[in-house]
Amino acid sequence: MSSATPRLGVLASRVRFEEKSILAALERRGVACEQIDPRALSVRAGSPRTGPRTVLNREVGHYRALYAASALESAGVKVLNSAAAAAVCGDKWQTTTALVAAGLPTPETVLALTPEAALEALEGFGYPAVIKPLVGSWGRLVTRVTGPEMAAAVLEHLAALPSPQSHVVYVQREVAKADRDIRALVVDGRVVGATYRRSDQWRTNVARGAVSERCPLDPELTRLAVAAARTVGAHIAGVDLLQDPDGRLTVLEVNDRVEFRGLQQCHGTDIDAADAMAALLIKEGQA
Amino acid sequence: MSQTLTATECLECAAEVPWENDPRVGEIIECPECAIELEVESVEPPRLVLAPEVEEDWGE
């Protein structure tokens, strides 16, 4: 390893399985890498920055990740994923509009600018339907509303929240699906692997205890996952898809700082998600 | 980067928290006795702090 400042960096405050695996993969490849803790990061706008020139963004907090990417880019650093990709992936409405504009299948969605307008939109969908926060993760506050009384109560709670963003309501038609969804990991335009996430709850987040099982890749799944990642400008993406009873796939969301512990564990040594990301970081650092 | 196996003390319950599997700065370790989350602040010397609470926008 060189004693000079590493040209590559990994931005992370909380070092989980994923970050640890990526750092280990870089070490196995003999590449010097600086771990940058965003809790100690400040960047002068527009001034060239010393330190790594290419940074993998693994910050767990959305806003800190978004603004760290933007700040580093303003100082001439290449960030994976870019701030633009993080802005699209981190906001469900921005993701939906990007997917729709690209002609990719995604559940029918309405953005209601007030809770009252959301209630009307829900009448149009019929029940059950799903209300989601614009920004959020691990399935938190995602609510399946089964009828108008429940919808009115949920929307009344949203209206009472202090954040103006909470009053803008993302409403989605529920997609009939099995007790599972699909997570495909895309790195550098290629699907590394995919899993079914199965749960006896309707939310199938691994963070909520869903179980990961291998999902075989087929041409349509591969095509959609790669297209979804490209559409949001993500070099690395966790693409979530649903499959309806007729087998049709829809893209639900795209995650820019993908967690892959479940996927890696159920594929064993057949794939190496962390190494694929390390290889991408090295390649982009040389570009 | 191999580390010497050692142990440090839980800030909550004073149990010994084993230092295993090549710990890294920022890694979260759960205390084997009280289950509180601890963050590795320093590897050499080994130093733990209480891990931050999960914030609303954490996750993927």
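**Group meeting: a tyrosine in chain A and a run of strands in chain B**

Hi everyone, let's start with Y127(A), which is partly exposed, with a relative accessible area of 22%. It counts as partly exposed rather than buried because buried means under 20%. Please keep in mind that this is a predicted model.

So where does Y127(A) sit along the chain? You'll find Y127(A) in the loop of chain A between α5, residues 115–125, and β6, residues 129–132. And what does Y127(A) touch, once we set aside its neighbours within four places in sequence? Its contacts are L119(A) and L122(A), then V145(A), T146(A), G147(A) and P148(A), and also A151(A). For a sense of distance, take A40(A): it is 87 residues from Y127(A) along the chain, and the two C-alpha atoms are 47 Å apart.

Now over to chain B, please. Here strand β3, residues 28–30, runs antiparallel to strand β4, residues 37–42, and three bridges join them. One pairing to look for is E30(B), whose bridge partner in β4(B) is E37(B). The hairpin made by β3(B) and β4(B) has six residues between the strands, and in this hairpin A35(B) adopts a positive phi near 70°.

Following the chain onwards, β4(B) also pairs with strand β5 of chain B, residues 47–50. That pairing is antiparallel too, with four bridges. How many residues lie between β4(B) and β5(B) in their hairpin? There are four. If you'd like a pair to click on, try V40(B), which has L48(B) as its bridge partner in β5(B).

Thanks, everyone, and I'm happy to take questions!

Key. Residues are numbered from 1 along each chain as its sequence is written. Chains are lettered from A and ligands numbered from 1 in the order in which they are written. This is a predicted model: local features need pLDDT of at least 70, side-chain atom pairs count only at pLDDT 80 or more; totals for chains, interfaces and linings use all residues. Side-chain values use heavy atoms; hydrogens and water are left out. Two strands pair if DSSP finds at least two bridges between them. Helices (H or I, at least four residues) and strands (E, at least two) are DSSP runs, numbered from the N terminus. Buried means under 20% relative accessible area, exposed over 50%, partly exposed in between (1.4 Å probe, protein chains only). Contact means heavy atoms within 4.5 Å.
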